[in-house]
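Notebook open, model loaded. I want to go through how the parts of this chain meet, then the strands, then a few odd spots in the backbone.

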Amino acid sequence: MEKLARKQIQALTPYLSARRIGGCGDVWLNANESPFDNEYKTNFTRLNRYSECQPKLLIDSYAAYAGVRSEQVLTSRGADEGIELLIRAFCEPNEDAILYCPPTYGMYAISAETIGVERKVVPLTQEWQLDLASIKSNLENVKLVFVCSPNNPTGNLVKREDIIELLEMTQDKAIVVMDEAYIDFCPEASTVELLAQYPNLAILRTLSKAFALAGLRCGFTLANEELINILLKVIAPYPVPIPVADIASQALSPEGLARMRYQVLDLSANRAYLQAGLSMLNGVTVYDGWGNYLLVKFSDGDAMFKAAWDTGIILRNSPIKDCVRISIGNRDECEKTLSFIRNRIAEIA
Ligand SMILES: *Cc1c(COP(=O)(O)O)cnc(C)c1O
C-alpha cells in the first residue's frame with residue numbers, strides 16, 4: 001500500500017501533535033489549550049441543508065472583533081487550514097517555495113511538504129528575531145514567508161520594525177503571513193493595522209487558544225479583499241459545519257468577548273505566577289512569553305520533561321536544547337507544576 005502513495009507522502013514525517021504523543025496524567029500543559037471549558041447552548045434544525053460557505057454572522061462578528069471589513073476575513077477549519085489554503089493558492093508545486101524561521105510552529109513545513117512545495121529555512125537570530133539579511137538573500141522563488149508572533153514555542157514577539165522591513169522587501173514578490181494564533185493574549189502587538197498599507201500581508205487567527213475552542217476547529221485569515229478572493233477559489237464548498245458557525249458566533253458575541261478577555265487576564269496572572277516561581281529556582285531560565293505558555297530552560301530539559309511525564313504532569317518538549325514548553329493552565333495546575341519542579345530540583349541538588 002505504502003508504494004501507492006505519492007513519493008512525497010511516503011517520505012513525510014507527520015506532525016507530532018501533543019494529542020498524538022499521548023501521555024497519561026491529570027495535568028495537561030502540553031498543547032497550549034485553555035483550561036476553561038465554557039458552555040454553549042445548541043439547538044440545531046435544518047441540518048439536512050448545506051451550510052453557507054462563509055457564514056455571514058460569523059464573518060461579520062470576527063471582522064468587528066479584529067477591526068477589519070468583512071471582505072477581509074476568511075474562515076476555515078482552524079488556522080491550520082489557513083496555512084494550507086495559502087500554500088495551495090500561491091505556491092506552484094516543484095517550482096515555488098515557502099520560507100520560515102525556526103524554532104517555530106511545525107505546520108508550515110509539513111503543509112508545504114505535503115503539497116510538494118520547497119522549504120527555505122532561515123533560523124531566527126540568537127534573540128529569536130528575524131535575520132532580515134539572510135531572508136533577503138533567500139527570497140528567490142519564495143511566495144510565502146511565515147512569521148509567528150508571539151512565536152511558538154519561544155513565546156517572544158517579533159519586532160514590528162522588522163516586520164515592516166520584511167513587508168517592504170517582499171512587496172510585489174511574496175506574501176508575508178503573520179501567524180497571530182496567540183495575539184488575543186497581547187492584542188496591542190497585532191499587525192492588523194498594517195493591512196491598510198500592505199497588500200502582501202496575510203494574518204492567521206484562531207479560536208483555539210484564548211477563545212478556549214481548540215476542539216471546535218475554527219480559524220481565520222485576514223487580508224485584503226483581493227487576496228481573500230483568491231483563497232475563496234481553493235477552499236472547499238462547505239468548509240464550516242453549521243454547529244461550528246453557531247458556537248463560534250456565540251464566542252464572538254459581546255458576552256463571549258467579555259468572557260474571553262476576563263479569561264485572558266486570569267491566564268496572564270497565572271503566567272506571571274509561574275514565571276516568578278520558576279525564575280527563583282537554581283539553574284532555571286524562564287523566557288518572557290506573550291502567549292498562554294512559557295519556554296523554560298533546565299540544566300537537563302529532557303530529564304525534567306520525563307520526570308514530569310512520569311508523575312502525570314504532561315508538558316511539551318521542544319527542539320531547543322534543554323527547553324520545555326509549559327502551557328498556562330488554571331491556578332491549581334500551575335501550582336502543582338511549580339511545586340513538582342521545585343521539589344525535583346531540590347532532590348537532585
Ligand atoms: C495552535 C496554533 C495554530 C493552529 O491553530 P488551529 O486554529 O487550532 O488550527 C497555528 N499556529 C500556531 C503558532 C499555533 O500555535
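**Domain interface**

I started with the area buried between domain 1 and domain 2: about 2,500 Å², with carbon and sulfur atoms giving 66% of that. Buried area here is the accessible area (1.4 Å probe) that two parts lose on being put together, summed over both. Which three residues supply the most of what domain 1 buries against domain 2? Y15, W290 and Y293 do, with 25% of the area on that side.

Before going on, I noted that this is a predicted model, where local features need pLDDT of at least 70 and side-chain atom pairs count only at pLDDT 80 or more, while totals for chains, interfaces and linings use all residues. Residues are numbered from 1 along each chain as its sequence is written, and side-chain values use heavy atoms, with hydrogens and water left out.

I looked up the bounds next: domain 1 is 7-34 + 256-343 and domain 2 is 56-253. Those bounds come from an automatic or database domain assignment. The contact takes 27 residues from domain 1 and 31 residues from domain 2, where contact means heavy atoms within 4.5 Å. The C-alpha centres of the two domains lie 24 Å apart.

How many salt bridges did I find between domain 1 and domain 2? The count is zero, taking a salt bridge as a side-chain nitrogen of Lys or Arg within 4 Å of a carboxyl oxygen of Asp or Glu. Polar contacts do turn up: six residue pairs across the interface, both residues at pLDDT 80 or more. A polar contact is a pair of N or O atoms within 3.5 Å; within protein, one must be able to donate a hydrogen and the other to accept it, and residues adjacent in sequence count only if both atoms are side-chain atoms.

On the side of domain 1 that touches domain 2, helix 1 (7-10), helix 10 (254-279) and strand 10 are the elements that give two or more residues. Helix 10 has the largest share there, seven residues. For the numbering, helices (H or I, at least four residues) and strands (E, at least two) are DSSP runs, counted from the N terminus.

**Strand 10 and its sheet**

Strand 10 came up at the interface, so I followed strand 10 (residues 293-297) into its sheet. Four of its five residues are buried; buried means under 20% relative accessible area, exposed over 50%, partly exposed in between (1.4 Å probe, protein chains only).

The sheet is open, has four strands in the order 9-10-13-12, and pairs antiparallel. Strand 9 and strand 12 (316-317) are the edges, each with a single partner strand, so one side of each has no neighbour in the sheet. Two strands pair if DSSP finds at least two bridges between them.

I listed the pairs one by one:

- Strand 9 (residues 285-286) joins strand 10 through two bridges, one bridge partner pair being T285 and K297. A hairpin of six residues links strand 9 to strand 10.
- Strand 10 and strand 13 (residues 323-327) share five bridges, and Y293 has S327 as its bridge partner.
- Strand 12 and strand 13 share two bridges, with R316 opposite R325 as bridge partners.

**Backbone oddities**

Where are the cis peptide bonds I checked? Both P150 and P153 sit in the loop between strand 5 (142-148) and helix 7 (160-170). The S149 to P150 bond has omega near -5 degrees, and the N152 to P153 bond has omega about 15 degrees.

I also noted positive phi in residues other than glycine. W128 has phi near 60 degrees and lies in the loop between strand 4 (118-121) and helix 6 (132-136). A212 also has phi near 60 degrees, in the loop between strand 7 (201-206) and strand 8 (219-223). Buried or exposed? W128 is buried at 15% relative accessible area, and A212 is buried at 17%.

**L167**

Last entry: L167 in helix 7, buried at 0% relative accessibility. Leaving aside neighbours within four places in sequence, L167 is in contact with V176, L194, Y198, N200 and L201. P199 is 32 residues from L167 in sequence, and their C-alpha atoms are 9.2 Å apart in space.
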